[in-house]
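Reader: I am new to this structure, and I would like to understand the words people use for it. Could you show it to me and let me ask how each label is earned?

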Amino acid sequence: MIKGLGGFGDMAKMMKAAKDMQDKMGQMQEDMARITVTGESGAGLVRATCTAKGELTALEIDPSIFVPSEKEVVEDLILAAIKDAQRAAEEKMQAEMSRMTEGLGLPPGMKLPF
């Protein structure tokens with residue numbers, strides 16, 4: 001604690017820690033926009049790519065599944081691939097958040113942002 005400031009030395013330390021955390025969160029958000037994950041369905045016939053923030057960036061469809069009578073199957077495969085990619089994005093985001101906050105001593109189950 002800084003002499004002559006009473007409890008304010010601890011407050012300054014807490015404010016600095018909060019600012020550092022805010023900076024790390026901003027950097028992590030930027031990183032999550034650059035990291036991509038891929039989900040797939042139909043044994044790889046449909047692949048969806050999205051950022052770790054969950055933004056869909058690409059969709060690849062094997063041409064062999066374009067059969068007019070199978071339209072609903074193709075739509076289901078596309079949705080499944082997108083959901084798989086978004087699930088992977090959420091897992092990646094949670095892993096990065098946990099890695100970043102592990103030293104903060106947060107209560108079990110508490111996640112950022114609050």
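Reader: What percentage of the 114 residues in the protein chain do buried residues make up?

Author: Buried residues make up 26% of the 114 residues in the protein chain. Buried means under 20% relative accessible area, exposed means over 50%, and partly exposed is in between (1.4 Å probe, protein chains only). Please keep in mind that this is a predicted model, where local features need pLDDT of at least 70 and side-chain atom pairs count only at pLDDT 80 or more, while totals for chains, interfaces and linings use all residues. Residues are numbered from 1 along each chain as its sequence is written, and side-chain values use heavy atoms, with hydrogens and water left out.

Reader: Thank you! What pattern does the protein chain follow along the sequence?

Author: The pattern is α-β-β-β-α, with two helices and three strands. Helices (H or I, at least four residues) and strands (E, at least two) are DSSP runs, numbered from the N terminus.

Reader: Why is Asp-23 said to form a salt bridge with Lys-19?

Author: A salt bridge is a side-chain nitrogen of Lys or Arg within 4 Å of a carboxyl oxygen of Asp or Glu. For Asp-23 and Lys-19 the closest N and O atoms are 2.8 Å apart, so the pair fits the definition. Both residues lie in helix H1 (residues 8-34), four residues apart, about one turn of the helix.

Reader: Why does Lys-19 count as partly exposed?

Author: Its relative accessibility is 43%, which lies between the two cut-offs, so Lys-19 is partly exposed. Asp-23, at 41%, is partly exposed as well.

Reader: And what makes Arg-34 exposed?

Author: Arg-34 has 55% relative accessibility, which is over 50%, so it counts as exposed. Its salt-bridge partner is Asp-31, with the closest N and O atoms 2.5 Å apart. Asp-31 has a relative accessible area of 25% and is therefore partly exposed. The two sit three residues apart in helix H1, about one turn of the helix.

Reader: Where do the side chains of Lys-71 and Glu-75 lie, and how do they meet?

Author: Lys-71 and Glu-75 are both in helix H2, four residues apart, and their side chains meet in a salt bridge (2.4 Å, N to O). The structure holds nine salt bridges, and a network of them links Asp-84, Arg-87 and Glu-91.

Reader: What makes a group of residues a nonpolar core?

Author: A nonpolar core is a set of buried Ala, Val, Leu, Ile, Met, Phe, Trp, Tyr and Cys residues joined through side-chain atoms within 4.5 Å. The largest one here has 13 residues, and Val-37, Val-46, Ala-48, Cys-50, Ile-65 and Ile-78 are those with the most contacts inside it. Strand S2 (46-51) and helix H2 (71-101) each give two or more residues to this core, and H2 brings the largest share, eight residues. A second, separate core of eight residues includes Met-25, Met-32, Ala-52 and Met-93.

Reader: Which residues is Gly-54 in contact with, leaving aside its neighbours within four places in sequence?

Author: Gly-54 is in contact with Gln-86 and Ala-89, where contact means heavy atoms within 4.5 Å. Gly-54 belongs to the loop between S2 and strand S3 (56-61).

Reader: Why is Gly-54 called partly exposed?

Author: Gly-54 has a relative accessibility of 26%, so it falls between the buried and exposed cut-offs and counts as partly exposed.
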